[in-house]
Amino acid sequence: MPLNRLKWSKNILLINASIITSFAFGQMQKAVFPKQDSCMASKKADSIASQKDVGDVITSLFKIHKTQGADCSLEKPGKLFFSFVPAAGYTLEGGPTATIIVNASFYASDPANTNLSVFTFGGQYSLTKQLIIPVISNIWTKGNKYDLLGDWRFYNYPSLTYGLGANTSLSNSNLIDYSYIKIYQEVLRHFSSYYYIGMGYDFDDHFGITDNNDITDFEEYNKGMSKTISTGPLVHIMYDSRTNSNNPKDAVYASIIYRTNFKLLGSDQNWQYLQVEIRKYFKLSSHDVLAFWSWNEFTNGNAPYFDLPSDQWDTYSNTGRGYIQGFYRGTDMIYLEAEYRFGITHNGLLGGVIFSNAGTVTQWPGKNFEYIDPGEGVGLRIKFNKYSDVNLCIDYAVGINGSNGFFFNLGEVF
């Protein structure tokens with residue numbers, strides 16, 4: 001049966017151009033245009049120099065002088081490439097919102113045999129007192145011997161939840177106030193080809209949970225608890241042939257994570273978690289890529305409500321474009337997405353995407369998948385930093401029964 005879906009997305013953001021301009025100008029003066037004799041020109045540098053990004057547009061508009069010649073900054077280990085976006089906008093949950101997103105990319109060693117490392121961090125604050133501070137890292141050591149993965153966050157997050165299952169509706173929304181500390185850290189070791197294996201430790205602490213409604217899925221499942229903790233070790237097996245996670249071109253990524261949460265270590269319940277993720281990128285031309293993404297989560301045991309699989313609670317909050325965060329939630333989740341990325345301008349400054357996705361979760365209290373929430377949309381890509389290949393992503397997506405809205409990212413969605 002058709003159900004009402006949310007009509008506005010999680011974020012509608014407007015870029016503060018004046019701050020971006022001043023930041024980009026400062027970066028160009030310091031790093032983007034070195035002297036010709038500062039390093040040995042390479043084919044890679046020549047190729048990048050022929051592209052255009054936001055910094056080049058600002059240079060042209062303000063007639064900023066630059067030294068001619070190929071740039072070799074990518075050949076310098078430790079050289080930081082910043083992409084910085086302050087923004088003001090509106091979220092349905094938080095109202096007027098201020099956001100800062102920073103992408104810092106660098107090579108820890110020789111780029112010929114070491115992947116690009118990426119830090120993503122920033123903050124978001126709304127007039128309804130929603131505060132989010134994330135620090136996400138993917139650090140590759142010399143020769144890709146180790147991959148260090150981190151996801152540390154703090155939330156003060158009064159927000160809406162819509163119950164359990166994939167057939168939820170706006171009329172069943174429930175405002176819940178809580179805070180959340182997330183600390184995930186992993187170390188993976190290369191052992192063959194593009195294969196890695198390692199261990200980690202995850203910690204999830206939801207506290208200060210308050211709910212003014214009595215008869216909801218949340219109350220029945222959560223049983224009035226004002227604090228939940230899940231913590232335990234994990235094993236991670238990964239295949240990753242991407243050289244730049246900001247914007248993969250012709251690569252495969254596959255990941256299996258098995259996590260156990262123990263009361264002995266402080267968890268409220270003993271329960272297990274399995275995550276299976278697969279990404280495949282087909283490079284069709286210098287600017288065209290066909291990409292596929294599968295994100296799947298499964299739980300065994302009594303996982304706390306806010307630790308259950310849910311849309312837009314993946315690492316970069318990108319599953320389920322077309323729906324608000326947390327709109328479908330269940331004990332297990334299956335999600336699929338396909339995206340075609342294409343160039344609009346030959347210099348790489350502008351590009352576009354079209355995409356389609358579908359997500360489903362189990363219907364509580366059972367374990368069956370009964371409903372599917374599809375989404376589709378289009379997007380614009382603006383080359384923000386051609387050296388780290390970071391795009392500013394602005395997408396418009398629609399779900400079913402009128403659900404639609406804009407979604408924003410710094411770096412590709414997956």
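This is a short tour of two spots in the structure, one around Asp204 and one around strand 14. Keep in mind as you click around that the model is predicted.

**Stop one: Asp204**

Start by selecting residues 195–211, which make up strand 9, and pick out Asp204 within that strand. Is Asp204 buried or exposed? With a relative accessible area of 2%, Asp204 counts as buried, because the cut-off for that is under 20%.

Now show side chains and add Tyr180: its side chain makes a polar contact with that of Asp204, at 2.4 Å. Next, bring up Tyr184, whose side chain also has a polar contact with the Asp204 side chain, this one at 2.8 Å.

To fill in the rest of the surroundings, leave out anything within four places of Asp204 in sequence and display its other contacts. Besides the two tyrosines, you'll find Ile181, Lys182, Thr228, Ile229, Ser230, Arg259 and Asp307 there.

**Stop two: strand 14 and its partners**

Hide those side chains and select residues 332–343, which is strand 14, together with strand 13 at residues 289–301. These two run antiparallel and share ten bridges. For one example, click Phe292 and look across to Ala338 in strand 14, its bridge partner.

Then add strand 15, residues 350–361: this strand is antiparallel to strand 14 as well, with eleven bridges joining the two. Try Glu337 here; opposite this residue, in strand 15, is Asn357.

Last, follow the chain through the hairpin of strands 14 and 15, where six residues lie between the strands. Stop at Gly348, which takes a positive phi near 80°.

Technical notes. Residues are numbered from 1 along each chain as its sequence is written. This is a predicted model: local features need pLDDT of at least 70, side-chain atom pairs count only at pLDDT 80 or more; totals for chains, interfaces and linings use all residues. Side-chain values use heavy atoms; hydrogens and water are left out. Helices (H or I, at least four residues) and strands (E, at least two) are DSSP runs, numbered from the N terminus. Buried means under 20% relative accessible area, exposed over 50%, partly exposed in between (1.4 Å probe, protein chains only). A polar contact is a pair of N or O atoms within 3.5 Å; within protein, one must be able to donate a hydrogen and the other to accept it, and residues adjacent in sequence count only if both atoms are side-chain atoms. Contact means heavy atoms within 4.5 Å. Two strands pair if DSSP finds at least two bridges between them.
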